[in-house]
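Work through the exercises below with the structure open beside you. Try each task before reading its solution.

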Amino acid sequence: MKATLLALLLAALPLSAWGDKGHRATCALALKGLPPEVRAWYAGREGEVEDHASDPDHWRQDRKEGPRHFLDMEPYGGPDHLPRTVEEAQARLGGDFYRTGVVPWIIQDRWRDLVEAFRSGDAARVAMATSILSHYVADAHVPLHTTENHDGQATNQRGVHSRWETGLVERYVQPETLSPLPAEVDPRFMERPWDWLRASHALIPQLLEDDRTADRTTPSDTRDRTRRTPAYWMIFWARQGPVVTRQLQLAGKHLGDAVLSAWTEAGRPSPPAKPVH
Ligand SMILES: [Zn+2]
């Protein structure tokens with residue numbers, strides 16, 4: 001009984017941001033935006049990085065995994081009042097703080113893993129650390145990962161979470177047409193996740209409004225609660241397509257910044273020599 005209840009609670013958490021396609025696109029964009037000396041670390045491993053980018057969405061059996069993918073801002077009083085450290089979060093919300101999401105601190109932790117991977121000189125480890133970091137960076141660029149109303153449940157728009165991040169991406173995004181943005185070293189990288197989350201959060205009102213607008217075009221008597229008509233998708237994409245595309249591009253750019261900054265922090269190491277056969 002208890003186990004069933006827990007499974008239901010976990011299933012309700014928004015774990016699967018972007019879907020596999022979006023997470024792969026984030027990695028591909030990031031690697032393309034790296035300078036050659038860093039990109040060399042990934043030579044022949046580009047597929048590996050993409051293949052594992054959705055792994056954290058499959059770690060549901062770990063009860064602590066769900067909150068690693070988001071940060072609800074409302075319990076802290078909104079985007080201008082976010083805690084900077086886990087200690088501050090805990091002091092303000094008590095034991096409940098973890099359930100409201102911890103993605104910015106997980107990004108910091110996984111970024112440190114990447115620095116260590118570069119220091120180890122092991123290219124396979126660098127590829128894996130990049131993959132795992134990429135997941136949380138990409139999730140931080142999904143607007144609905146920054147709010148308690150993460151599935152439109154408070155505004156009678158249930159399902160909007162997957163309509164935006166998976167429905168639109170799967171139907172319309174062509175990853176090969178997205179232009180990579182060049183990575184830059186960011187000496188204050190550790191502070192950036194809060195900037196990304198605030199920018200994501202600011203996109204929510206328009207996103208919800210566009211979902212409602214698209215819905216109004218769909219006759220309610222032919223609509224069940226989950227399915228949407230082709231007209232809905234066309235209108236939602238016409239309005240939110242540029243936002244989806246931009247958020248994917250920015251996720252790729254920010255992952256690139258993270259990789260380049262980690263490599264710099266590690267002392268700009270050369271990639272290991274290819275084994276001679
Ligand atoms: Zn996720």
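The exercises cover a helix pair, the nonpolar cores and an aromatic pair in this predicted model.

**Exercise 1.** Find how the axes of helix 8 and helix 11 are oriented to each other.

*Solution.*
- Step 1: Locate helix 8 at residues 160-172 and helix 11 at residues 230-265.
- Step 2: Their axes come within 9 Å and cross at roughly 95°.
- Step 3: Angles of 65 to 115 degrees count as roughly perpendicular. Helix 8 and helix 11 are therefore roughly perpendicular to each other.
- Step 4: Look at the contact residues. Helix 8 supplies, among them, Arg163, Trp164 and Leu168, while helix 11 supplies residues including Trp233, Phe236 and Trp237.
- Step 5: Sort the residues of this contact: 11 are nonpolar, three polar and two charged.

**Exercise 2.** Which helix gives the most residues to the largest nonpolar core?

*Solution.*
- Step 1: The largest nonpolar core has 47 residues. Ile107, Leu114 and Phe118 are among those with the most contacts inside it.
- Step 2: Helices 2, 6, 7, 9 and 11 each give two or more residues to this core.
- Step 3: Helix 6 gives the most, with nine residues.
- Step 4: A second, separate core has 23 residues, including Leu144 and Leu248.

**Exercise 3.** Classify the ring pair of Trp41 and Phe118.

*Solution.*
- Step 1: The ring centres are 5.1 Å apart and the planes stand at 90°, so the pair is edge-to-face.
- Step 2: Trp41 sits in the loop between helix 3 and helix 4, and Phe118 in helix 6, so the pair ties together parts 77 residues apart in sequence.
- Step 3: Check burial. Trp41 is buried, at 1% relative accessible area. Phe118 is buried, with a value of 1%.

Definitions and conventions. Residues numbered from 1 in each chain as written. Predicted model: local features only at pLDDT ≥ 70, side-chain atom pairs only at ≥ 80, totals over all residues. Heavy atoms only, no water. Axes fitted to C-alpha atoms, helices over the stretch in contact; angles between N-to-C directions. Helix = DSSP H or I, 4+ residues; strand = E, 2+ residues; numbered from the N terminus. Parallel < 35°, antiparallel > 145°, perpendicular 65-115°, else oblique. Contact = heavy atoms within 4.5 Å. Nonpolar A, V, L, I, M, F, W, Y, C, P; charged D, E, K, R; others polar. Core = buried A, V, L, I, M, F, W, Y, C linked by side-chain atoms within 4.5 Å. Buried < 20%, exposed > 50% of the residue type's maximum accessible area, 1.4 Å probe, protein only. Phe/Tyr/Trp six-rings, centres within 6.5 Å; stacked < 30°, edge-to-face > 60°.
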